[in-house]
Amino acid sequence: MKSSIAIFLTMLEKATKLVLTTHVNPDGDGLGSELALGRYLKKTGKQVTILNHSETPENYRWMDTGGEVLRYSAERHAGIIMEADLIVILDTNQPDRLRSLLPAVEESHAKKVIIDHHLEPHPFGDHYVVDDDATSTGEIVCRILMHLGAEQIDAPIAQALYTAIMTDTGSFRFPRTDPEIHRIAAHLLECGVVPIEVYASVYEGWSQGRMRLLGEVLDSMKTAHNGKIAYVVCSQQMFRQTGTTEVETDGFTTYPMSVRGVVVGILFNELSDGVKISFRSKGSIPINELAKEFGGNGHLNAAGARVAGRKIDDVVADVIANAASYVA
């Protein structure tokens, strides 16, 4: 890890024009990581552009009141990617998750660096800063910035880092939460982060539609395999009725996992062209292996997959059937 950071720092030193990006439907970790890194590098005189395929979700827009994150348009932004000398891809190691940016990223002669904490990176970058033991990409970025100079981490940078870490640790309750990540969080508080403000901004600003969607989801929750698995389904009809989208289901896996006796929780989102699945597990259950059976991947206790071209009822039936061996 230290050697990969050292190589990245050398690449940063040589770069003048950088593009930062993250995965489709960005979460707190992806957004916080790219904002923190971008803000830090701008302070050092670098020319930085943050480009994302997806619009920033409403509950994270408070982090970017200055409009630093741009929604990618090939017509307006492809030239920026082509002129960059370094492209940094954060919180994903799968090129297809860049969606509309991918053609320009692949065509660009810029060096590509992947900073991530997920398993089994796809070989499409020139350099990888990957630590699958890290709680979040935000933790890795924080370590990078401390190597560059901790004194430059001001309140806006610290706030973005704290958001990244807080959201990907489930507010510091997921298994990888350890004394070291609390020490990092303490340092960020010393830099000016106010935890109650960050938490409230992320989790206490729900739309009425999202709250109604949650109500329907909870009402439809089902269990399987002697109550060891609980799962919920968000259908296109639910989205239409509540005026919501799949983005607003972020965090919904918390609820099936909260049921007594449940060790695997699954969220199914019906998409226009398939199904998105979010998996969670407790203890030593390798839920990422179940995700792999449906073309996905992830961590031991948290993973995801997307299944194209299939009806949601069929996907749900297959996933629940295959999950049996993981809770036997």
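## A strand in the middle of its partners

V88 of strand 4 has V113 in strand 5 as its bridge partner. This is a predicted model, in which local features need pLDDT of at least 70, side-chain atom pairs count only at pLDDT 80 or more, and totals for chains, interfaces and linings use all residues. Residues are numbered from 1 along each chain as its sequence is written, and side-chain values use heavy atoms, with hydrogens and water left out. Helices (H or I, at least four residues) and strands (E, at least two) are DSSP runs, numbered from the N terminus. Two strands pair if DSSP finds at least two bridges between them.

Strand 4 covers residues 86-90, and 5 of its 5 residues are buried. Buried means under 20% relative accessible area, exposed means over 50%, and partly exposed lies in between (1.4 Å probe, protein chains only). L86, V88 and L90 point one way from the strand. I87 and I89 point the other way. Both sets are buried.

Strand 4 pairs with strand 5 (residues 111-116) in parallel, through 5 bridges. It also pairs in the parallel sense with strand 1 (residues 17-22), again over 5 bridges. There, T22 has L90 of strand 4 as its bridge partner.

## The loop after strand 4

Two residues with positive phi sit in the loop between strand 4 and helix 4 (102-107): D91 and R99. Neither is glycine. Phi of D91 is near 70 degrees. Phi of R99 is near 50 degrees.

Their exposure differs. D91 has 2% relative accessibility and counts as buried. R99, at 36% relative accessibility, counts as partly exposed.

## The six-stranded sheet

An open sheet of 6 strands runs in the order 7-8-9-10-12-11, and its pairing is mixed. Strand 7 (222-224) and strand 11 (297-298) are at the edges with a single partner strand each, so one side of each has no neighbour in the sheet. Strands of a sheet pair through backbone hydrogen bonds, either parallel or antiparallel.

At one edge, strand 7 and strand 8 pair in the antiparallel sense over 3 bridges. K222 has Y231 of strand 8 as its bridge partner. The two strands form a hairpin with 4 residues between them. In the turn, H225 has a positive phi of about 55 degrees.

Strand 8 (residues 229-234) has 5 of its 6 residues buried, so the rest of the structure largely encloses it. Strand 8 also runs parallel to strand 9 (residues 264-271), with 6 bridges joining them. I229 stands opposite V264 of strand 9. At the other edge, strand 11 pairs with strand 12 (residues 302-308) in the antiparallel sense over 2 bridges. N297 stands opposite G304 in strand 12.

## A helix residue and its contacts

M146 lies in helix 5 (residues 137-149). Its relative accessible area is 32%, so M146 is partly exposed. Leaving aside neighbours within four places in sequence, M146 is in contact with I153 and H187. Contact means heavy atoms within 4.5 Å.

## The chain as a whole

The secondary structure comes to 13 helices and 12 strands. The radius of gyration is 20 Å, close to the 20 Å given by the globule rule for 328 residues, so the chain is as compact as a globular protein of that length. That radius is taken over C-alpha atoms, and the rule is 2.2 Å times the number of residues to the power 0.38. The C-alpha atoms fill a box of roughly 55 × 40 × 40 Å along the principal axes.

Buried residues make up 51% of the 328 residues. Among contacts with a separation of 6 or more, 67% are between residues 24 or more positions apart.

## Surface and charge

The chain exposes about 14700 Å², and carbon and sulfur atoms supply 50% of that area. Accessible areas come from the Shrake-Rupley method with a 1.4 Å probe; for residues, only the protein chains shown count as cover.

There are 31 positive and 42 negative side chains. Lys and Arg count as positive, Asp and Glu as negative, while His and the chain ends are not counted. The centres of the two sets lie 2 Å apart. Each charge is placed at NZ of Lys, CZ of Arg, CG of Asp or CD of Glu.
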